[in-house]
Amino acid sequence: MSWSWVAMLDLSVDADALAVHTAVASAVAHDEEGRHVGVLAAWPKGGKPVRRAVRMDARLADPAGAAGWVSLGLIDAERAPLFDDPAVSGALRRVLAGPPADAVTT
């Protein structure tokens, strides 16, 4: 499996505004109420594009692909839970209980 970087960007921050231009794929992100919450961007493996970028399966970012629905939960690295944290387990159970997902990454 190959990996890539992914991060939620705030385009009002200069570093984020620059980083979005090097992304291989990006999309405007909205919350459940339709409010703009940032830009979700992906970059190829290599140097970390922004400090808070995390790794994901590279197959999840297709620049030519159709729009999709994403459920995303990111927290600061200092507070990152262990993989067996109840919040992580709960999120995985919620994914498994819903309609089949095209992809899942943790």
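Is E33 buried or exposed? In this predicted model, E33 is exposed, with a relative accessible area of 56%, and the close-up views below show this residue together with others that take part in salt bridges.

**View 1. The salt bridge between R35 and E33.** The side chains of R35 and E33 meet with a nitrogen and an oxygen 3.0 Å apart, forming a salt bridge. E33 counts as exposed because its relative accessible area of 56% lies above the 50% cut-off.

**View 2. The salt bridge between R59 and D57.** Here a nitrogen of the R59 side chain and an oxygen of the D57 side chain are 2.5 Å apart in a salt bridge. The two partners are set apart by their surroundings, since R59 is exposed at 68% relative accessibility, whereas D57 is buried, with a relative accessible area of 10%. Elsewhere, D31, E33 and R35 are joined into one network by salt bridges that share partners.

**View 3. The salt bridge between R52 and D16.** The closest N and O atoms of this pair, R52 and D16, are 2.3 Å apart. The salt bridge links distant parts of the chain, for R52 lies in the loop between β3 (36-44) and β4 (54-57), while D16 belongs to helix α1 (residues 14-19), and the two are 36 residues apart. R52 is partly exposed, with a relative accessible area of 40%, but D16 is buried at 3%.

**View 4. The salt bridges taken together.** The count for the model comes to four salt bridges, among them the pair of R52 and D16 and the pair of R59 and D57. Side chains of opposite charge can pair when their charged atoms come close.

Conventions. Residues are numbered from 1 along each chain as its sequence is written. This is a predicted model: local features need pLDDT of at least 70, side-chain atom pairs count only at pLDDT 80 or more; totals for chains, interfaces and linings use all residues. Side-chain values use heavy atoms; hydrogens and water are left out. Helices (H or I, at least four residues) and strands (E, at least two) are DSSP runs, numbered from the N terminus. Buried means under 20% relative accessible area, exposed over 50%, partly exposed in between (1.4 Å probe, protein chains only).
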